[in-house]
Amino acid sequence: VDNFDVVDDISAPRLAISKNIIKFGEVNDYNAVMKLSVELHNEGESPLAVRAIESGSAAVRVQGSAGFYISPGASHRLTVELHSTYIDDRDNPFVTRVTIVTNDPVRPMQTIRVSALPQ
């Protein structure tokens, strides 16, 4: 648990995500694994700690693990994978979220919406 009372607003880490929505589009192959990337950027003046990265579905996985730091002004690329085998309802659009937990005092938890159209 981060104590945000001791962090100066000016020097606090700030997470910026390059895309808040990832659209995989039509997924025709039942066994397809599709990959797209997003950039996590630290716009703050102190290191950004990425505490957790969680998916709301078994069909979406994020390569790598949490527990890393992003230096001030630096970026980190996350690769989001869609495993179409694990999409339960192939008759409706697929939507889930990836949650990123950081030490950003303003927005400690941010989400990325992930969608696909199973065929």
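In the predicted model, Ala 16 belongs to strand E1, which covers residues 15–17. Once neighbours within four places in sequence are set aside, the contacts of Ala 16 are Glu 39, Leu 40, His 41 and Glu 43. Ala 16 and Gln 110 are 94 residues apart in sequence, and their C-alpha atoms are 9.5 Å apart in space.

Of the residues that Ala 16 touches, His 41 is one, and His 41 stands opposite Ser 75 in E7. Strand E3 spans 33–42, and strand E7 comprises residues 75–83. E3 and E7 run antiparallel and are joined by nine bridges. E7 is also joined to strand E5, residues 60–62, by three bridges, and this pair too runs antiparallel. Within the E5–E7 pairing, Val 60 has Leu 82 of E7 as its bridge partner.

The loop between E3 and E4 contains Ser 46. Not counting residues up to four places away in sequence, Ser 46 touches Ser 11, Ala 12, Pro 13 and Pro 72. The contact with Ser 11 includes a polar component: the side chain of Ser 46 reaches the backbone oxygen of Ser 11 at 2.7 Å. By contrast, the C-alpha atoms of Ser 46 and Glu 81 are separated by 30 Å, with the two positions 35 residues apart along the chain.

Strand E4 comprises residues 48–55 and pairs with strand E6, residues 68–70, in the antiparallel sense over three bridges. In this pairing, Leu 48 is matched with Ile 70 of E6. E4 is also joined to E8 by five bridges, again with the strands antiparallel. Here Ser 55 has Val 98 of E8 as its bridge partner.

Ala 49 is located in E4. With a relative accessibility of 1%, Ala 49 counts as buried, because the limit for that class is under 20%. Apart from residues up to four places away in sequence, Ala 49 touches Phe 68, Tyr 69, Val 101, Thr 102 and Asn 103. Phe 68 and Tyr 69 fall within the residue range of E6, and Val 101 and Thr 102 within that of E8. The C-alpha atoms of Ala 49 and Val 101 are separated by 8.5 Å, although the two residues are 52 positions apart along the chain.

Thr 102, one of the residues touched by Ala 49, lies in E8, which spans residues 94–102. Thr 102 has a relative accessibility of 2% and therefore counts as buried. A polar atom of its side chain lies 3.2 Å from the backbone nitrogen of Asp 104.

Ser 55 is likewise found in E4. In contrast to the buried Ala 49, Ser 55 is partly exposed, since its relative accessible area is 32%. With neighbours within four places in sequence left aside, Ser 55 is in contact with Val 60, Arg 97 and Val 98. A polar atom of the Ser 55 side chain lies 2.9 Å from the backbone oxygen of Ser 57, and the backbone oxygen of Val 60 is likewise 2.9 Å from a polar atom of that side chain. Ser 55 is thus in contact with Val 60, the residue of E5 that is bridged to Leu 82 in E7. The C-alpha atoms of Ser 55 and Ile 112, 57 residues apart along the chain, are separated by 9.5 Å.

For the chain as a whole, nine strands and zero helices are assigned, and the order along the sequence is β-β-β-β-β-β-β-β-β. The C-alpha atoms fill a box of roughly 50 × 20 × 20 Å along the principal axes. Among contacts with a separation of 6 or more, 68% are between residues 24 or more positions apart; the contact of Ala 49 with Val 101, at 52 residues apart, belongs to this group.

Of the 119 residues, 39% count as buried. The chain exposes about 6700 Å², of which carbon and sulfur atoms supply 47%. There are 11 positive and 15 negative side chains, and the centres of the two sets lie 5 Å apart.

Terms used:
Residues are numbered from 1 along each chain as its sequence is written. This is a predicted model: local features need pLDDT of at least 70, side-chain atom pairs count only at pLDDT 80 or more; totals for chains, interfaces and linings use all residues. Side-chain values use heavy atoms; hydrogens and water are left out. Helices (H or I, at least four residues) and strands (E, at least two) are DSSP runs, numbered from the N terminus. Buried means under 20% relative accessible area, exposed over 50%, partly exposed in between (1.4 Å probe, protein chains only). A polar contact is a pair of N or O atoms within 3.5 Å; within protein, one must be able to donate a hydrogen and the other to accept it, and residues adjacent in sequence count only if both atoms are side-chain atoms. Contact means heavy atoms within 4.5 Å. Accessible areas come from the Shrake-Rupley method with a 1.4 Å probe; for residues, only the protein chains shown count as cover. Lys and Arg count as positive and Asp and Glu as negative; His and the chain ends are not counted. The place of a charge is taken as NZ of Lys, CZ of Arg, CG of Asp or CD of Glu. Two strands pair if DSSP finds at least two bridges between them.
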